[in-house]
Amino acid sequence: MSVKFVWFNLMPWPYLGDDFRKNNRSVWVDIPSQLFDPVKANKVYNEYMDQLEFADDIGFDGIGVNEHHQNGYGIMPSPNIIAAGLARRTSKSALCVIGNSIALYNPPIRVAEEFAMLDCISGGRLVAGFPVGTPMDTNFCYGQIPALTREKYAEAHELIMRAWHEDEIFAFDGKFNQLRYVNCWPKPIQKPNPPIYIPGGGSIETWDFCLDNDYNYSYLSFNGYKGGQALMDGYWERVAQRGDRDESPGRAAFAQIFCVADSDAEAERLYSEHLLYFFNRCLHVYPGFSDPPGYRTLDTIKAGKLNQLRKEALEIFRNVTWKDLVEGGFVIAGSPDTVRERTEHMVKSLRVGTVFCLLHMGNMPDWKTRYSTQLFAEKVLPHVQDVWGDEYPDSDTRWWPRPLEDRVRPDGPEALSHARRRVDPTLANGFGPAAGGGAA
Amino acid sequence: MSAEVRAISTRRGVDGKVHVRGSGHPLVWFHGAGGLFPTEPLLDGLSADYQVFACEWPGFGEEPTEGSLEDMLDFALHGWDVIEALGLGDARPHLVGHSMGGMIAAEMAAINPRGLSKLVLVSAAGLWLDEHPVPDIFAMLPFELADVLFANSARGESFLSGGADFSDDEALKTLLITNARRLGTAGKILFPVPNRRLSKRLYRLSNATLVLWGAQDKLLAPAYADRFASLIENAAVQLIPDAGHMLPYEQPVAATAAIKAFLG
C-alpha cells in the first residue's frame, strides 16, 4: 500500500497579538471574542480553502479538516461546511473530515446524514473521523458532562453505524437518544461505510475500540515524530499483544508539521516566526480546561499517561526556539533531501499508513504555505509514498476510500460553465399548452 | 472526635460508608463536592446533641459502585435509600447538607417532605441566578480553589493542602484518580451549570428550613440564600460573618450554634 499524505489545515486565526500570552489565559474556550474580526475572516477562510484546493490539485492523496470550538488556532466549528465547499471544488483527493465530535450532535444521526451527503457529493471520497472530542470542545464549550461523555460517544457511534448499515427503519432506545424512526436518508456511497479514523490521545480503550472495529487510530498531536514514538509503540504493542488483527500500517495515522525550503537554513529563515507563533501563542491553553475530572477513564490514569497533564507539558513551549522544534522532531524542516529522509524515517518508525501533513502553521502567509507545499509535493512525496511496498494491498477500503470511477467532477473551468449553462427554450416545445385550456 | 464507620449497602446495590457520631435525634449530613474531611468540627459539635450520620457519597470513598447514579433523581433516591439502610425506624431525621450535599438534601425533601423533620441548607448548590454566575470549579487548578472557597484564602490554603508532594508520580496519580471519581460524580449534577431545576420542585417543601450561608461566599453568593428562602415556604436565612463557601470548616463554632438553635 502506498502511504497516504493528507494536507491538513487547522485554520488558525492569524492575528493573535505579540502579547497574547501575557494578556489572555487561554487560546481556547474563553478566548476574548473581540479578537475575532468577521471582515478579516472573509479573506482568511477563503485563503485557507484555496490552499486545500491547491493541495488537491498538486497531488496530495487527501485534504483534511477538523472540528474545534471557541479556539484561536482552529476557526472551524463545522468542518462539514468546509468539506462541502471542497467537495464541489476538488475531484481527486480524499476528503478527510477528522472529524465530527459525535457526542455533541443532537441527535447524532445528523452526522450520519451529513457524512452521507459529503460522500455522495464527492463520489465516495470521504474519510470519516469520529473523535471523542477534547475536554475543551466537548465539556467546556459544549457543556457535556465529563463522566458521561464516553458513554454518550459510544451510543452515538452505535447509532450512526446502525443507521448506515441497516436497510430497515428501526427504533433506537438509547440512554441519550430515543428515536422512533431511524432512517438515514441519504446513505453513503462507500459500503458498508467510509473508512473510519479515530483521533485519540493514547487511551487503551480507544486502541481497543479501533482494533475491534478495524478503524484507523490517528494520533494527532503537535509533539512530532520523536515525541509520538512511545505512544505509537504502545499502540503497535497492543496490536501484537491481541494477535487477532493484521499489522497493516493502514491501522495508524500521525500528524506531523513539515516546512520545506531550498535549504535547511532557508527553512529557518522562512518559517521560524510562524512556527513560533503557533507554539507560543496558539498552544496557550489554560490547564484547567484540559482535564476535567471524569473525562478520562480511571484505567488510563492508572496506566500512567501523565505527560500531557502536567503544567510543565505546556510550559515547554514557553521559550521554544526553532532549534528546539527541529531537534525535538516537533517539525520536520529543511531542504527536500532533509525532509525526505526524516519523513521516511518517521513513517517507518511510527509504522503509519496515513500522514496528516501540517504545512500551514500559525500565521504563515499564503505564498510561503504554497512554496512549502509545492516543494513537498514535487520533491518529497514521490520518494516517500512507497515506503511500505506492496505487502498490504492498496485496495483495502478499511483505511482509504475507493471513489467511483465515473463520478461527477465539479472542479475545473468546464464544471463552472456546466453549472451556469442556460437551457434552449425549444426543449419545452411539444409539451404544449395545458390540456383543456386550464380547466383546473 | 472519632466516628464509628459503618458499611452499608442500599437496596439498589450501591455500597458506601456512613460515619456515625454521638447520640440523640438522628441528623443525616450530606457533604459537598470535596467529600468528608479528616476533621469535621461541625459534625463533632452537632454530635453533642444529635446522632450524626455522615454519608460518604458514592464515588467519594473506596467502593466503585457510583456508576449506577447518573442524574438528579438517582442522587435523591440514593439519599433516601441510605436513610432506609440506616434503619432509623419511625424517627424522621433532620437533613443537613453542604453545597452539593445541600442540593441533594433539598431535592430529597422536595420528593419526600414527610420523610424528614427539619432541613438545613448550608451554602447549598442547585439554583442558578444570571446576575450571580457560579465560578466554574471544574476548570480550576488546585491553587485557585482556596480563594474562591474561603473568606480568608490563607486559612483556605492551609486547610486544603494535605501536604502531599505532587511532583511524585504516584501521589499525582492518586490525586487524579480521587478527583476523577469525586468531581466526576459531582459533575453529573453540577456540570456545566449546577442547576437541575430544583427550583420547580421546592414548592412541595413545608418543613421548617434553615438556609445557612457564609456572608463572604464567593462561590455561591448570599443572593442564593435569599433565592432558596423565596422558593421554600417555611425558610429563614442566617448569614455567618467572616465565612465563605466552606462555612462548616471556616466558622464551625458559629455554624454549630446556629444549627442547634434552629433544630432545638
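**Group meeting: two chains, one open sheet**

I will start in chain A, where A:P107 sits in the loop between β3 (94-97) and α4 (109-122); helices here are DSSP runs of H or I of at least four residues, strands are runs of E of at least two, and both are numbered from the N terminus. This is a predicted model, in which local features need pLDDT of at least 70 and side-chain atom pairs count only at pLDDT 80 or more, while totals for chains, interfaces and linings use all residues. Residues are numbered from 1 along each chain as its sequence is written, and chains are lettered from A and ligands numbered from 1 in the order in which they are written.

The peptide bond that leads from A:N106 into A:P107 is cis, with omega near -5°. Another cis bond runs from A:W185 to A:P186, with omega near 10°, and A:P186 is placed in the loop between β6 (178-182) and β7 (196-200) of chain A. A:M11, which is not a glycine, has a positive phi of about 60°, and this residue lies in the loop between β1 (4-8) and α1 (20-23) of chain A. As background, most residues other than glycine have a negative phi, and most peptide bonds are trans.

Chain A as a whole has 16 helices and 11 strands. Its radius of gyration, taken over C-alpha atoms, is 23 Å, close to the 22 Å that the globule rule gives for 440 residues, so chain A is as compact as a globular protein of that length; the rule is 2.2 Å times the number of residues to the power 0.38.

Chain B has 9 helices and 8 strands, and its radius of gyration of 17 Å agrees with the value near 18 Å for a compact globule of 264 residues. Where the chains meet, 19 residues come from chain B and 18 residues from chain A, contact meaning that C-beta atoms, placed from the backbone, lie within 7 Å. The side of chain B that touches chain A has 11 nonpolar, 4 polar and 4 charged residues; Ala, Val, Leu, Ile, Met, Phe, Trp, Tyr, Cys and Pro count as nonpolar, Asp, Glu, Lys and Arg as charged, and the others, Gly among them, as polar.

In what order do the 8 strands of the open sheet in chain B lie? The order is β1-β2-β4-β3-β5-β6-β7-β8, with mixed pairing, where two strands pair if DSSP finds at least two bridges between them. The edge strands are β1 (4-9) and β8 of chain B, each pairing on one side only. At that β8 edge, β7 (residues 209-214) and β8 (residues 235-240) of chain B run parallel over 6 bridges, and B:T209 has B:A235 as its bridge partner.

Finally, the helices: α2 (residues 72-86) and α3 (residues 100-111) of chain B have axes, fitted to C-alpha atoms over the stretch in contact, that come within 9 Å and cross at roughly 80°, with angles run from 0 to 180 degrees between N-to-C directions. That makes α2(B) roughly perpendicular to α3(B), a term for 65 to 115 degrees, whereas under 35 counts as roughly parallel, over 145 as roughly antiparallel and the rest as oblique. Among the residues in this contact are B:F75 and B:W80 of α2(B) and B:I104 and B:M108 of α3(B).

How values were computed:
Two residues are in contact if their C-beta atoms, placed from the backbone, lie within 7 Å.
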